[in-house]
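Here are a few notes to read alongside the model. Take them in order, with the structure open next to you.

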Amino acid sequence: MKGNHSIKFLFIFLLMALSPFFLSLFHLNLLIEILILGIFALSLNLLVGYTGLVSLGHAAFFGIGAYASGIVAKELSPNLIATLPVSLLVSILVSSIIGMFCMKVSGFYFLMLTLAFSQMIYSFIHQSTDLTGGTNGLSGIPSPQLGGVDFSNPVFLYYLILLIFAAVFTGLSVLVRSPFGQVLIGIRENETRMKSMGYNTTLYKYSSFIIAGALGGVAGSLYTNFNGFISPSDVYWTMSGSVLIMVIIGGAGTMAGPVLGAGLIVILETIVSSYTNMWMLIIGVIFILFVVFFPKGIVGIGNSLVNNLAKSKPLYNESKPEAVYKKDA
Amino acid sequence: MNRESILKVEGVGKSFGGLEILRNITFDVKKGERIGIIGPNGAGKTTFYNLLAGDLDPSKGTIYYCGQNITNLPNYKRANIGIVRTFQKNNLLTDLTVLDNLLLVLQRKEGLGNVWFKPRVEKHYSILFEKARELLSKWGLEKQTHKIVKSLSYGEQRQIEILLGIATDPKVLLLDEPTAGMSQAETNYIVNLLHTLPKELTLMIIEHDLEVVFGLSDRMIVLYNGGILVDGDPQIVRNDKRVNDIYIGQGESLSASS
């Protein structure tokens with residue numbers, strides 16, 4: 001089983017590594033966008049899928065990371081050694097401040113508070129014309145560099161982003177399986193019980209919020225580096241909605257789900273929008289179908305297919321009837 | 001017996017708005033005591049547990065644990081210093097396996113909750129898994145180890161509820177109706193296990209099954225209308241006229257259940 005997984009991952013990694021050789025530039029750019037939004041969806045998934053905190057303000061961190069990178073690249077240096085860490089630090093700082101307030105509430109109020117904070121950040125970005133370019137957005141951002149390498153070449157950029165994606169994916173996979181990650185899952189399942197086990201659940205939720213915010217910022221930074229442009233609409237609450245849809249359609253609480261969700265949405269958006277302007281309508285319908293019929297997302301469909309195949313084979317029967325309580329002394 | 005006091009409650013009261021649920025509760029718990037708490041529905045037994053475990057803050061009074069004032073200590077901190085409760089209604093991580101439930105308790109005890117980058121698998125944490133298996137086999141749940149909690153019978157879930165409390169290795173364990181809803185056989189099984197708990201563990205049991213509570217306790221507290229009606233030796237409580245009146249009023253007699 002485990003070997004099977006490693007082979008699958010190796011195969012996917014090889015496929016990804018070789019894709020610049022057989023994909024057109026257009027498709028390569030699409031893949032880059034999927035990887036970036038995949039990081040973004042993965043970061044939200046830590047919060048929504050693993051900790052059970054549904055946020056509708058995750059675009060705030062994406063936007064902060066994106067604008068921080070853009071401003072640093074324009075004013076200081078487009079070197080990735082400068083832009084990425086600044087984005088990371090600024091989004092950690094902002095998420096730790098917002099998180100302090102959001103940890104005071106739970107459930108529906110948490111969702112509303114994250115929405116309110118992200119809209120505040122949107123307004124700030126929208127209004128600070130001198131710093132952010134306001135409605136026009138931030139354009140003319142130089143292409144990223146690292147050492148002597150100029151990443152204006154999309155193939156180089158692809159490899160860079162693939163590397164960062166792989167690091168984030170692996171890191172998060174280990175994190176959610178670690179004792180810390182198991183506590184987050186415990187909080188998602190039953191916070192009261194976790195407290196009575198002695199866990200300071202607020203601190204764990206806060207940590208999860210900051211990690212999610214930080215990685216959201218990384219995704220934003222990569223987005224700016226890739227596009228060379230960032231506009232306030234990328235910080236608007238509809239962006240928070242999109243990424244939440246990616247997580248849910250893909251399968252919240254799984255590692256592959258958010259990436260698949262990001263892939264599906266980006267591909268749909270690109271393909272469908274070239275035929276009709278009503279692509280939002282189509283995504284809406286797909287979202288409804290998923291929520292009603294496949295609440296566990298694409299990953300859930302995959303799993304139930306595998307289970308159904310397994311069921312058709314005869315299995316040894318584990319649950320043979322026995323006396324319910326033969327052990328009373 | 002001259003044992004040291006572990007939990008001291010002084011004049012504790014709790015009101016919700018104008019409604020006084022508990023008033024002027026004062027008593028002293030000695031280390032290793034087995035205290036049964038009985039009283040009719042609505043007497044304030046579970047609220048009292050909420051105050052002891054820190055799930056609610058008292059409106060009045062002070063709670064001391066080993067001489068320390070813990071009145072406003074949050075619940076998770078109390079759990080860490082040894083005051084652990086179980087719940088009247090099963091309160092488990094129902095979508096996780098029995099093993100995962102137990103591992104969460106044990107990893108907390110080992111202070112591993114902040115390990116970020118080492119997957120919690122048997123290879124890395126063999127001691128944790130060994131302890132979990134040991135507890136599960138002691139409780140006759142080894143066959144259920146890898147089953148999802150919600151797929152188990154109610155009685156088994158009830159057992160896990162108690163097991164999670166015990167696995168934290170508490171100094172004071174507050175059991176809230178441990179045998180509620182269990183069959184006679186299941187009840188006997190649990191009672192026998194509770195008898196095997198270490199002598200130095202202080203145990204408080206809220207229980208409606210009078211046979212169970214009299215069998216386990218060496219001291220009884222009767223709560224009635226938010227106050228302590230009687231506090232003393234089970235034999236005294238059994239023969240107390242007021243206590244009998246309350247229970248006869250509910251169609252049950254203390255002496256009949258002996």
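1. Start with residues 35-68 of chain A. In this predicted model, that span is 76% helix and 0% strand, and its end C-alpha atoms sit 20 Å apart. UniProt, in an unreviewed entry, lists 35-68 as a "transmembrane region".

2. Now look at residues 203-223 of chain A, which carry that UniProt label too. Here the chain is 100% helix and 0% strand, with 30 Å between the end C-alpha atoms. The other spans that the record marks this way in chain A are 6-28, 80-101, 108-125, 156-176, 243-267 and 279-299.

3. Over to chain B, which has 9 helices and 10 strands. Its radius of gyration is 19 Å, close to the 18 Å that the globule rule gives for 258 residues, so chain B is as compact as a globular protein of that length. Along the principal axes, its C-alpha atoms fill a box of roughly 60 × 40 × 40 Å.

4. How much of chain B is buried? The share is 43% of its 258 residues. As for contacts between residues at least 6 apart in sequence, 66% of those in chain B join residues at least 24 apart.

5. Helix α1 of chain B, residues 45-53, is worth a click. This helix is mostly covered, with 8 of its 9 residues buried. Among them are B:Phe48, B:Tyr49, B:Leu51 and B:Leu52, and B:Lys45 and B:Asn50 are on the buried list as well.

6. What comes after α1(B)? The helix is followed by B:Gly54, which has a positive phi, near 85°.

How values were computed
Residues numbered from 1 in each chain as written. Chains lettered and ligands numbered in written order. Predicted model: local features only at pLDDT ≥ 70, side-chain atom pairs only at ≥ 80, totals over all residues. UniProt positions renumbered as here; feature names shortened; annotations may be inferred. Helix = DSSP H or I, 4+ residues; strand = E, 2+ residues; numbered from the N terminus. Rg over C-alpha atoms; globule rule 2.2 N^0.38 Å. Buried ≥ 20, exposed ≤ 12 C-beta atoms within 10 Å, placed from the backbone. Contact = placed C-beta atoms within 7 Å.
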